[in-house]
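Here is my note to go with the model you asked about. Keep the structure open as you read, and find each element as we come to it.

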Amino acid sequence: MRVLIVSAQELFRQTVQAACLRFGESMISLRTTDSLGQGLELAEQFQAELVALDLTRNVEAGMLALAQLAAHPSRLVVASIDKASTDVMARAVRAGAREFLAQPVQDDEVHAVLRKGLRLVTPAGVEAPPARRGRILVVFSSKGGVGKTTLACNITVRLAQRLGEGRVAMIDANTQAPNVAPMLDLRPERWLRDAVEQYRRLDGDMLRQMMTPHDSGALVLAHSSDNPLGLDFEEDQLGKILLVAKSHFDHVVVDTFPVLSSLNLAVMDLADDILLVTEPVVPALRSARYNLQVLRQAGYGPERIRLVVNRFSRFSGNVPIDLVADTLEWPVEAVLNYDVNATIAANNGRPVVDMFPESLIARDIGQLVDTLVGASPAGPGPRAGLGDRIRRFLRGY
Ligand SMILES: Nc1ncnc2c1ncn2[C@@H]1O[C@H](COP(=O)(O)OP(=O)(O)OP(=O)(O)O)[C@@H](O)[C@H]1O
Ligand SMILES: [Mg+2]
């Protein structure tokens with residue numbers, strides 16, 4: 001039997017994993033993931049027959065994931081909930097959960113559920129995977145002004161130019177200072193707040209109706225800069241919107257507000273790729289170092305967090321890239337050069353990849369998109385050639 005464990009909690013993953021190992025590899029083959037988004041993808045790739053899905057972190061998005069996982073007729077979805085919350089339990093049953101594991105999970109209960117799974121799984125196993133799943137790319141930094149929106153908009157446009165109309169979505173999840181609509185010169189009639197208001201009954205068609213088309217072929221769910229604070233976002237609401245987008249588009253690019261909030265962490269929890277944007281200047285690098293520390297604690301590794309150094313230029317006294325990688329102890333996925341065309345394009349409400357396709361920055365972004373689409377993992381970053389003085393600055397806190 002193919003078992004998939006989806007949980008952000010290490011203890012949950014370990015307990016279920018230990019119970020699986022008691023059956024031996026010939027009986028149970030196993031995959032684990034800490035993210036709901038990746039869980040949906042893995043379930044199809046791996047053709048999981050039993051999914052142990054932890055619903056404690058992100059209930060609304062978890063319910064949606066549960067419904068998608070349970071739509072497969074021969075798959076047993078086991079939902080795990082915090083306490084005997086009858087409301088959550090009833091919703092999980094309606095969404096398709098057939099078994100429950102109360103938390104903290106007990107080894108013998110997991111064992112019993114697995115035995116049941118083994119009895120239920122037919123010898124023929126599950127059928128071929130159905131619909132495609134998109135990838136969620138979150139562009140993040142807790143430092144303001146490092147180029148997140150520039151990058152998110154240009155990646156979106158570049159992807160849409162490659163893939164064609166209606167296959168790439170962008171969501172402006174910058175809850176406090178949204179900037180995507182002006183940067184792409186869009187005049188939306190409907191906004192993120194409309195999707196949030198309707199989030200319980202949101203589906204792919206509704207979401208598309210709320211999005212604004214960009215000339216590139218991308219669809220954008222913009223956030224209004226008029227009174228952006230007038231709306232209280234909850235993690236479940238944004239999570240649900242992202243998961244609906246993920247199951248209707250090939251790529252979903254998300255711009256964020258620069259803060260390490262629980263909202264942003266919930267958004268990143270759903271991401272397949274997190275682009276952590278920084279600059280080769282000391283304050284930005286210190287912030288990136290802190291972000292990496294927190295994200296690492298959340299269990300994310302280099303296959304998920306891709307470090308992008310923006311506004312790079314070569315001059316004496318600037319921090320070289322090898323020192324960035326060394327100091328942050330993280331591989332550098334991409335380096336984007338400083339290029340005034342980025343600002344000129346932004347002032348014209350046009351993506352630089354469209355307005356100045358031959359510019360340095362457009363070429364750098366193109367290369368980054370190639371890497372993302374090829375989904376090749378980040379290689380080890382260069383680690384030689386250290387400047388003691390700059391290193392002292394970076395580490396001296
Ligand atoms: N590689 C680059 N070269 C030159 N200018 C750049 C580059 N990348 C971004 N910029 C410029 O830097 C400014 C800030 O960029 P942007 O708005 O994308 O940052 P941000 O991280 O989204 O900011 P915020 O945190 O406020 O949302 C913009 O004027 C943009 O044109
Ligand atoms: Mg921004």
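1. Let us begin with a term: a residue is buried if 20 or more other C-beta atoms lie within 10 Å of its own, exposed if 12 or fewer, and partly exposed in between, with C-beta atoms placed from the backbone. Arg311 has 21 C-beta neighbours inside 10 Å, so Arg311 counts as buried. Its phi is near 55 degrees, a positive value in a residue other than glycine. You will find Arg311 in strand E12.

2. Some ground rules for reading. This is a predicted model, in which local features need pLDDT of at least 70 and side-chain atom pairs count only at pLDDT 80 or more, while totals for chains, interfaces and linings use all residues. Residues are numbered from 1 along each chain as its sequence is written, and chains are lettered from A and ligands numbered from 1 in the order in which they are written.

3. Now the overall picture. The protein has 17 helices and 13 strands; these are DSSP runs numbered from the N terminus, helices being H or I with at least four residues and strands E with at least two. Of the 397 residues in the protein, 49% are buried. Two residues are in contact if their C-beta atoms, placed from the backbone, lie within 7 Å. Among the contacts with a separation of 6 or more, 78% come from residues 24 or more positions apart.

4. Which order do the strands of the five-stranded sheet take? This open sheet reads E2-E1-E3-E4-E5, with parallel pairing; two strands pair if DSSP finds at least two bridges between them. At the edges are strand E2 (29-33) and strand E5 (99-102), each pairing on one side only. From one strand to the next, the twist averages 20 degrees. Strand E1 (residues 2-6) runs parallel to E2 and is joined to E2 by five bridges. To see one bridge, look at Val3, whose partner in E2 is Leu30.

5. Next, find what lies across that sheet. Helix H5 (residues 107-120) crosses strand E3 (50-54), strand E4 (76-81) and E5, running at about 165 degrees to E5. Such angles run from 0 to 180 degrees between N-to-C directions, and axes are lines fitted to C-alpha atoms, for helices over the stretch in contact. In the loop between E5 and H5 sits Pro104. The peptide bond from Gln103 to Pro104 is cis, with omega near 0 degrees.

6. Here is a helix pair to try. Helix H2 (residues 36-46) and helix H3 (residues 59-70) pack at an angle of about 5 degrees, with their axes 10 Å apart. That angle makes H2 roughly parallel to H3, a label for angles under 35 degrees (over 145 is roughly antiparallel, 65 to 115 roughly perpendicular and the rest oblique). Leu36, Gly39, Leu40 and Ala43 in H2 meet Ala61, Gly62, Ala65, Gln68 and Leu69 in H3. By class, this contact has six nonpolar, three polar and no charged residues. For the classes, Ala, Val, Leu, Ile, Met, Phe, Trp, Tyr, Cys and Pro count as nonpolar, Asp, Glu, Lys and Arg as charged, and the others, Gly among them, as polar.

7. There is also an open sheet of eight strands, in the order E8-E9-E7-E10-E6-E11-E12-E13, with mixed pairing. Strand E8 (212-213) and E13 stand at its edges with a single partner strand each, so one side of each has no neighbour in the sheet. Strand E6 (residues 135-140) and strand E10 (residues 251-256) pair in the parallel sense over five bridges. Within E10, Asp255 is the bridge partner of Val139. Helix H12 (residues 282-297) lies across strand E11 (273-278) and E12, at about 155 degrees to E11.

8. Which residues are closest to ligand 1? They are Gly144, Gly147, Lys148, Thr149 and Thr150, in a shell of 20 residues (a residue is near if its C-beta atom, placed from the backbone, lies within 6 Å). Helix H6 (148-163), strand E12 (305-312) and helix H14 (340-347) each supply at least two residues of this shell. The shell has eight nonpolar, nine polar and three charged residues.

9. Finally, compare Arg311 with Glu329, whose phi is also near 55 degrees. Glu329 lies in the loop between helix H13 (321-328) and strand E13 (332-337). With 12 C-beta neighbours inside 10 Å, Glu329 counts as exposed.
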